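Reader: Hi! I'm in my first year and still learning how to look at structures. Could you take me through one part closely, and then show me what else is worth a look?

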Amino acid sequence: MKEMGKYDSRVFQHGTLGQLVPGLFEGTLSVSDLLLHGDFGIGTASGLDGEMILLDHVPYLFQSNGQVRILKGSEKVPFATVHFTQVKDALTVEKMTQAQLGQFILANYPYKNLFFAVKLTGEFEFVKTRAVAKQERPYKTLTQVADEQAVFEANNVSGTLIGYYAPALFHGMAAAGYHLHFLATDHTIGGHLLDFKVANAQVELQPFATVEQHFPDEDQEFLAADIDLSDLHAQIEQAEGQN
Ligand SMILES: [Zn+2]
């Protein structure tokens, strides 16, 4: 039984970042099933078709053509991380770069060895994002796809940043460090964050006591795959490169 008032929060992840490296891009969990496990989060769509940003239970997909669409419940995702909001720490920040914000959080909160969610709502002086283009079979590797990503930049934009921090120990399951997505309030820019500077924003942090890692256990392609570990970490860094 749960102790009254005890902080207990969990994050749910379907698939692993490591499985995307050799090109396992096919969706394996429906969006409607994913949404049973959270109301905020990030991910990608089947075929690596863009960057998913789940906000208040709405699964937005920012696509490489710069358009936003809402994923249907029947569509499937190969990789996504979601959680139900249970904010532990709320603070405001002003005039911080991506690196400054990341360091500030780790220096002031005891979360470096935990998974935690980061959410920023407010004004950004600058954002630089990327969105991957939908891939067709035969799938390439993640680093080859990342070389073809569409890059977007905007100044003075309001929006929501959502993402996760993973301790280095779990590099491969997720990207070590921060993995952040963005969606502008007016939907003019979004995607996987490459760089940003906060003007002023409300920050919410949510550390997780439990990580629920869900696998595509009925997907024959995943079950049969031999994942080459020799340069897995290097390839993730190259494709996701940010901290
Ligand atoms: Zn991403």
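**A close look at the largest pocket**

Author: The largest pocket holds about 160 Å³ of space. Keep in mind as we go that this is a predicted model.

Let's begin with the walls. The lining of this pocket is made by Gly27, Thr28, Leu29, Ser30, Asp33, Lys76, His214, Pro216, Asp217, Glu218 and Asp219. Sorted by character, the lining residues come out as two nonpolar, four polar and five charged.

Now pick one of these lining residues, Ser30, and follow it outwards. Ser30 sits in strand S2, which covers residues 29-30. Is Ser30 buried or exposed? Its relative accessibility is 13%, and buried means under 20%, so Ser30 counts as buried. The side chain of Ser30 also has a partner: it makes a polar contact with the side chain of Ser32, at 3.3 Å. If we set aside neighbours within four places in sequence, Ser30 is in contact with Gly73, Ser74, Glu75 and Lys76. You have met one of those names already, since Lys76 is among the residues that line the largest pocket.

From here we can move to another strand. Thr44 is found in strand S3, residues 40-44. With a relative accessibility of 7%, Thr44 is buried as well. The side chain of Thr44 reaches the backbone oxygen of Gly50 at 2.8 Å. Gly50 also turns up when we list the contacts of Thr44 beyond four places in sequence, which are Asp49, Gly50, Met52, Val77, Pro78 and Phe79.

Our last stop is the zinc ion. Which protein residues are its donors? They are His179 and His181, each through NE2, and His192 through ND1, lying 2.1 Å from the ion. Along the sequence, these donor residues follow the spacing H-x1-H-x10-H. The pair His179 and His192 links distant parts of the chain: His179 belongs to strand S12 (residues 177-184) and His192 to strand S13 (residues 190-207), 13 residues apart. Both of these histidines can be checked for burial too. His179 has 11% relative accessibility and so counts as buried, while His192 is buried with a relative accessible area of 0%.

To retrace the walk on your screen, start at the pocket lined by Ser30 and Lys76, among others, go on to Thr44 in strand S3, and finish at the zinc ion with His179, His181 and His192 as its protein donors.

Terms used
Residues are numbered from 1 along each chain as its sequence is written. This is a predicted model: local features need pLDDT of at least 70, side-chain atom pairs count only at pLDDT 80 or more; totals for chains, interfaces and linings use all residues. Side-chain values use heavy atoms; hydrogens and water are left out. Donors are N, O and S atoms within 2.8 Å of the metal (3.2 Å for Na, K and Ca); water is not among the atoms, so sites may look incomplete. Helices (H or I, at least four residues) and strands (E, at least two) are DSSP runs, numbered from the N terminus. Buried means under 20% relative accessible area, exposed over 50%, partly exposed in between (1.4 Å probe, protein chains only). A polar contact is a pair of N or O atoms within 3.5 Å; within protein, one must be able to donate a hydrogen and the other to accept it, and residues adjacent in sequence count only if both atoms are side-chain atoms. Contact means heavy atoms within 4.5 Å. On a 1 Å grid over the protein atoms alone, a cavity is a set of points where a 1.4 Å probe fits but cannot get out, and a pocket is an open set with protein on both sides within 12 Å along at least five of seven lines; lining residues have an atom within 4 Å of a point. Grid points are joined across faces, edges and corners, and a volume is the space filled by probe spheres set on the points. Ala, Val, Leu, Ile, Met, Phe, Trp, Tyr, Cys and Pro count as nonpolar, Asp, Glu, Lys and Arg as charged, and the others, Gly among them, as polar.
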